[in-house]
Amino acid sequence: MNPADRARAIARNAFPPVGAVIIVLVLWQAVVLLNVWPPYLLPPPLDVLGALGEQVRSPDFYKAVGITVGRAITGYALATVIGTAIGVSMAVVPLLRRALGSLITALQTMPSVAWFPFAILLFRLSEGAILVVVVLGAAPSIANGIISGIDNVPRQLTSAARILGARGPFLYRRVILPAAMPYVLAGLKQAWAFAWRSLLAGELLVIVAGRPSLGAKLQFARDFSDAPTMIALLVVLLVIGILVDRGFGFADLRVRARRGLVREVA
């Protein structure tokens, strides 16, 4: 691809999100000018931009981002290990699936924030209270994604693999799990959404001394009625969510490209 074509491709891909941001800013400013809410409740975009600039210039902001993202990665990694083990076990052992299937589905539908009173009772105001709820929110989605993926692997594929001599763990590792990967990836993406929501709910409720986080900063801004800072922090959370979603989107594109569903990506 020559530089001109690459520039046009970048512009074509960037125009929809940039256009959407511009529309949101215009509507936001229009609502401010109409004085639907007083400025101390809904500040204009420039005030929020100024608050965002103050946050970016503060070293404490980067520490808070690091703690929040670190908690998200830790909780999500634990949920992935636990959810994968449960999902594969339930897919392989029918009795285990009949025993735990309804429970896993119930855990997935249960609001994560409902676990926090019990988690705080067990772990007090600590990192453990936050992480256990993140795991409870994310692991069921991963398990269900693996189960759905294995259920939807074509029987012709597994039959052909068995004819060629694939058995036991080798069959699952080399044939079934790769074939189930689109469903597994969908479960992982959904699990991240649950983990991220659970984490931020936890940081609003469980403020650990000496551990600044985005959720804690958001709560402090609310306590002091600092609307520009609140909205600025919401923008930061939105940007982090978009970046993670783009990562999952790229992984999904790679998986579909390997199956010939889209053109191979670089």
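**Burial, cores and salt bridges in a predicted all-helix model**

Reader: Is Lys217 buried or exposed?
Author: The model is a predicted one. In it, Lys217 has a relative accessibility of 15%. The cut-off for burial is under 20%, so Lys217 counts as buried.

Reader: Which residue forms a salt bridge with Lys217?
Author: The side chain of Lys217 takes part in a salt bridge at 3.4 Å, N to O. The pair links distant parts of the chain, with Lys217 in helix H10 (residues 214-223) and the partner in helix H3, 157 residues apart. That partner is partly exposed, with a relative accessible area of 33%. The residue is Asp60.

Reader: How many of the residues of H10 are buried?
Author: The buried residues of H10 include Leu214, Gly215, Lys217 and Gln219. H10 is largely enclosed by the rest of the structure, because the buried residues number 7 of 10.

Reader: What covers the buried residues of H10?
Author: Leu218 and Ala221 are among the residues that need cover. The cover includes H2 and H3. Further along the chain, it also includes helix H9 (181-205) and helix H11 (227-258).

Reader: Which residue with a positive phi follows H10?
Author: H10 covers residues 214-223. The phi in question is near 55°. The residue is Ser225.

Reader: Which residues have the most contacts inside the largest nonpolar core?
Author: The largest nonpolar core has 46 residues. H3, helix H5 (116-123), H6, helix H8 (168-179), H9, H10 and H11 each supply at least two residues of this core. Those with the most contacts inside it are Tyr76, Leu188, Trp196, Leu199 and Leu214.

Reader: How many residues are in the other core that lies apart from it?
Author: Val32, Val48, Ile231 and Ala232 are among the members of this other core. It lies apart from the largest core, and its size is 7 residues.

Reader: Which residues does Trp196 touch, not counting residues up to four places away in sequence?
Author: Trp196 is one of the residues with the most contacts inside the largest core. Leaving out residues up to four places away, its contacts are Thr68, Ala72, Leu237 and Ile240.

Reader: Is Thr68 buried or exposed, and which residues does Thr68 touch?
Author: Thr68 lies in helix H3 (residues 59-92). It counts as buried, because its relative accessibility is 0%. Beyond residues up to four places away in sequence, it touches Trp196, Leu199, Glu203, Ser213, Leu214 and Gly215.

Reader: How far apart in space are Val133 and Thr68, C-alpha to C-alpha?
Author: Val133 is found in helix H6 (residues 127-151), and it counts as buried at 0% relative accessibility. Neighbours within four places aside, Val133 is in contact with Ser112, Trp115, Phe116, Ala119 and Ser198. Val133 and Thr68 are 65 residues apart in sequence, and their distance in space is 14 Å.

Reader: How far apart are the closest N and O atoms in the salt bridge between Arg97 and Asp151?
Author: Arg97 is partly exposed, with a relative accessible area of 32%, and Asp151 counts as partly exposed at 43%. The pair links distant parts of the chain, with Arg97 in helix H4 (residues 94-109) and Asp151 in helix H6. The closest N and O atoms in this salt bridge are separated by 2.4 Å.

Reader: Which residues are linked in a network of salt bridges?
Author: The structure holds 7 salt bridges. One of them joins the side chains of Asp223 and Arg222 at 2.9 Å, N to O. The network links Arg71, Glu127, Glu203 and Arg211.

Reader: What is the area of the nonpolar surface patch that contains Tyr40?
Author: Tyr40 is found in the loop between helix H1 (3-33) and helix H2 (45-57). Tyr40 is exposed, because its relative accessible area is 60%. It makes the patch with Leu34, Val36, Trp37 and Leu41, and the area is about 610 Å².

Reader: What percentage of the residues in the protein is buried?
Author: The protein has 11 helices and 0 strands, and its C-alpha atoms fill a box of roughly 70 × 60 × 35 Å along the principal axes. The accessible surface comes to about 15900 Å², of which 69% belongs to carbon and sulfur atoms. Of the 266 residues, the buried share is 36%.

How values were computed
Residues numbered from 1 in each chain as written. Predicted model: local features only at pLDDT ≥ 70, side-chain atom pairs only at ≥ 80, totals over all residues. Heavy atoms only, no water. Helix = DSSP H or I, 4+ residues; strand = E, 2+ residues; numbered from the N terminus. Buried < 20%, exposed > 50% of the residue type's maximum accessible area, 1.4 Å probe, protein only. Contact = heavy atoms within 4.5 Å. Patch = residues over 30% accessible without salt bridge, like charges linked within 9 Å, V, L, I, M, F, W, Y side chains within 5 Å. Areas by Shrake-Rupley, 256 points an atom, 1.4 Å probe, with all protein chains shown as cover. Salt bridge = Lys/Arg side-chain N within 4 Å of Asp/Glu carboxyl O. Core = buried A, V, L, I, M, F, W, Y, C linked by side-chain atoms within 4.5 Å.
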